[in-house]
Amino acid sequence: MNAVRKIKNKPLTIIPKITFAKIINGFKIFVSYKISKYTKKVVHWGRPYSLAFEPTTSCNLRCPECISGLRAFTRPTGMLPEDLFRKVVDEQKSTLLNLTFYFQGEPYLNPKFLDMVRYASERGIYTSTSTNAHYLNDENAQKTIESGLSQMIISLDGTTQETYAAYRIGGKMDKVIEGAKNIIRWKKKMNAATPKVILQFLVVRPNEHQIEDVKKLAKEIGVNKLSLKTAQIYDYKNGSDLIPTIDKYARYKKNRDGTYSIKNEMENHCWKMWHSCVITWDGKVVPCCFDKDAKHEMGNVSQHSLDEIWKSADYQRFRKSVLTSRSKIEMCQNCTEGTKVWA
């Protein structure tokens, strides 16, 4: 049995290792975004300070509003190669602040997932992931702490097996709780401040009556935070059995004619187009996490550097379309950014 290695405790912060280069890059991005937003002309300085990598499109569950769970991709299923991941990180590490290991699929199904987390963490990059926690056994929990992962979101959408499995089809609530407790236990055992553990409760109509129960459960497990997240519904216009009756937790509003629409207004600008992008398991660069099937491919990092793609004519044209006619972009039509409630 391996000896337990104590990890030097450090302040729990959402801010990764800051360098002068990262500060300057962030300033360039912010200023160019503001100029573009108000002039409607694309100005873009700097490199992405936030990236999302897709470890895999595979998943063990079949959630009804998830393209991965529905097995509804038009793109192939696969695993992110470690060498491709390292290539991008080595290129971007001087200015990259945040790296999210999640897009579609369950990250822990990629056998190299924690090796990639460690690689990024050792280069001063803030790392986070989202998991259904079915693979957080004792060994993986220990390796997760050792990887240096900064933040972990654990999805638990019910406080009874029946309610949980109504959305997380094929899932076992007991395994999620066990996995979360394994992470908390190993953090204490190794005297580690990270990962910051967030229990995420996707509020839908079948589980909205358990909100108070999940607050109690989060305290019992000992997570850092509880996030009550609103659900994205693909076919929402005629309503859905998943839309909560509690208005606070619904992304959609009911109109007088009985149809539904998104609460937030569609505006011709988007901060994400200036500071971040998503890289699929096979290297495709897409502009946003709402492009789940990678229909808006800007390039592929297996063929070009991310810097070349980031400043390419195709990417600039896409940013221009966001500034002038965002409502015509399909993936933007169901965009409901900023819809979490901290409990």
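## Exercises on cavities, helix packing and backbone geometry

In this predicted model, the lining of the second largest cavity is made up of 9 nonpolar residues, no polar residues and 1 charged residue.

**Exercise 1.** Determine which residues line the second largest cavity, and identify the charged one.

*Solution.* Begin with the volume: the second largest cavity measures about 30 Å³. Next, list its lining, which consists of Val203, Ala231, Ile233, Leu242, Ile243, Pro244, Tyr249, Ala250, Arg251 and Tyr252. Finally, assign the classes. Because Arg counts as charged, the 1 charged residue of this lining is Arg251.

**Exercise 2.** State how many cavities of 30 Å³ or more the structure holds, and describe the largest cavity.

*Solution.* The count is 2 cavities of 30 Å³ or more. The largest cavity encloses about 80 Å³ of space. Its lining comprises 11 residues, and Cys270, Cys288, Arg326, Cys332 and Cys335 are the ones that lie nearest its centre. Sorted by class, the lining of the largest cavity has 8 nonpolar, no polar and 3 charged residues.

**Exercise 3.** Decide whether helices H2 and H3 are roughly parallel or roughly antiparallel, and describe their contact.

*Solution.* First locate the two elements: helix H2 covers residues 82–92 and helix H3 covers residues 113–121. Their axes are 11 Å apart and form an angle of about 15 degrees. Angles under 35 degrees count as roughly parallel, and H2 and H3 are therefore roughly parallel to each other. The crossing of H2 past H3 is right-handed. On the H2 side, the contact is made by Glu82, Phe85, Arg86, Val89 and Asp90, and on the H3 side by Asp115, Met116, Tyr119 and Ala120. Divided by class, this contact of H2 with H3 has 5 nonpolar, no polar and 4 charged residues.

**Exercise 4.** Work out how helices H4 and H6 are oriented to each other, and which residues join them in contact.

*Solution.* Helix H4 spans residues 138–147, and helix H6 spans residues 173–189. The two pack at an angle of about 50 degrees, and their axes lie 9 Å apart. An angle of 65 to 115 degrees would count as roughly perpendicular and one under 35 degrees as roughly parallel; H4 and H6 are therefore oblique to each other. H4 passes H6 in a right-handed crossing. H4 contributes Asp138, Ala141, Gln142, Thr144 and Ile145 to the contact, while H6 contributes Asn182, Ile183, Arg185, Trp186 and Lys187. The contact of H4 with H6 holds 4 nonpolar, 3 polar and 3 charged residues.

**Exercise 5.** Find where Asn191 and Pro195 lie, and describe the backbone at each.

*Solution.* Most residues other than glycine have a negative phi, and most peptide bonds are trans. Asn191, although not a glycine, has a positive phi of about 55 degrees. The peptide bond from Thr194 to Pro195 is cis, with omega near 5 degrees. As to location, Asn191 is in the loop between H6 and S5. Pro195 likewise lies in the loop between H6 and strand S5 (196–203).

Technical notes: Residues numbered from 1 in each chain as written. Predicted model: local features only at pLDDT ≥ 70, side-chain atom pairs only at ≥ 80, totals over all residues. Heavy atoms only, no water. Axes fitted to C-alpha atoms, helices over the stretch in contact; angles between N-to-C directions. Helix = DSSP H or I, 4+ residues; strand = E, 2+ residues; numbered from the N terminus. Parallel < 35°, antiparallel > 145°, perpendicular 65-115°, else oblique. Left-handed = near helix turned anticlockwise from the far one by under 90°. Contact = heavy atoms within 4.5 Å. 1 Å grid on protein atoms, 1.4 Å probe; cavity = no way out; pocket = protein on both sides within 12 Å on 5 of 7 lines; lining within 4 Å. Points joined across faces, edges and corners; volume = space filled by probe spheres on them.
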